[in-house]
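Here is a quick walk through one model, with an eye on strands and charged side chains. Have the viewer open while you read.

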Amino acid sequence: MEHDIMWHCLLLDLHDDAALIAAYRERHRAVPPAVLASIRAAGIEAMDIYQRDDRLVMMMRTGPGFDPEAKAAADASDPAVVAWEAAMSRLQRPLPSAQPGEKWLPAERIFALDEQG
């Protein structure tokens, strides 16, 4: 399924533990090349992760052909991505509203300056 949405804002928490948060930050200084390649191959043009305390915010810009379901299927069959996700899952804590198996949850945009008069 093709999505026209170009910007995505996703939320996730980390375990509220200074050592685990430091480990998460350190791992993101050297993301494996295969993981970066899978992100780019999916049509993700830009991705930034911001942190405040134990909360993470991911901003992602995608091309018009980005398909999150296809990305999830590709990730599930890529050993490098599976290993990365397993390592990250030990440091992450789903939001309270997450369903079983959900990690990054989309945020709803409620204001856009460029849509104001």
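What follows looks at strand pairing and then at salt bridges.

**Strand E3 and its partners**

Keep in mind that this is a predicted model. Let's start with strand E3, which covers residues 55–62. Which way do its side chains point? They alternate: Leu-56, Met-58, Met-60 and Thr-62 go to one face and are buried. Arg-55, Val-57, Met-59 and Arg-61 go to the other face and are not buried.

E3 has a pairing with strand E1 (residues 7–14), antiparallel and held over 7 bridges. Within that pairing, Leu-56 of E3 is the bridge partner of Leu-12. E3 also pairs with strand E2 (residues 44–52), again in the antiparallel sense, and here the count is 8 bridges. Met-60 in E3 has Met-47 standing opposite. So two of the buried side chains named above, Leu-56 and Met-60, turn up again in these pairings, Leu-56 with Leu-12 and Met-60 with Met-47.

E2 and E3 form a hairpin with 2 residues between the strands. In that hairpin, Asp-53 takes a positive phi near 55 degrees.

**Salt bridges**

How many salt bridges does the model have? The count comes to 9, and the table lists some of them.

| Pair | Closest N and O atoms |
|---|---|
| Asp-13 and Arg-55 | 2.4 Å |
| Glu-26 and Arg-29 | 3.0 Å |
| Arg-93 and Asp-54 | 2.4 Å |

Take the pair of Asp-13 and Arg-55, joined by a salt bridge. It links distant parts of the chain, with Asp-13 in strand E1 and Arg-55 in strand E3, 42 residues apart. Is Asp-13 buried or exposed? Its relative accessibility is 3%, so Asp-13 counts as buried. Arg-55, at a relative accessible area of 35%, is partly exposed.

Glu-26, in its salt bridge with Arg-29, is partly exposed with a relative accessible area of 47%. Arg-29 counts as exposed because its relative accessibility is 57%, and the cut-off for that label is over 50%.

Then there is the salt bridge of Arg-93 and Asp-54. This pair also links distant parts of the chain: Arg-93 lies in strand E4 (residues 92–93) and Asp-54 in the loop between E2 and E3, 39 residues apart. Arg-93 is partly exposed, with a relative accessible area of 29%, whereas Asp-54 is buried at 17%. Through shared partners, salt bridges join Asp-13, Asp-54, Arg-55 and Arg-93 into one network.

Conventions:
Residues are numbered from 1 along each chain as its sequence is written. This is a predicted model: local features need pLDDT of at least 70, side-chain atom pairs count only at pLDDT 80 or more; totals for chains, interfaces and linings use all residues. Side-chain values use heavy atoms; hydrogens and water are left out. Buried means under 20% relative accessible area, exposed over 50%, partly exposed in between (1.4 Å probe, protein chains only). Helices (H or I, at least four residues) and strands (E, at least two) are DSSP runs, numbered from the N terminus. Two strands pair if DSSP finds at least two bridges between them. A salt bridge is a side-chain nitrogen of Lys or Arg within 4 Å of a carboxyl oxygen of Asp or Glu.
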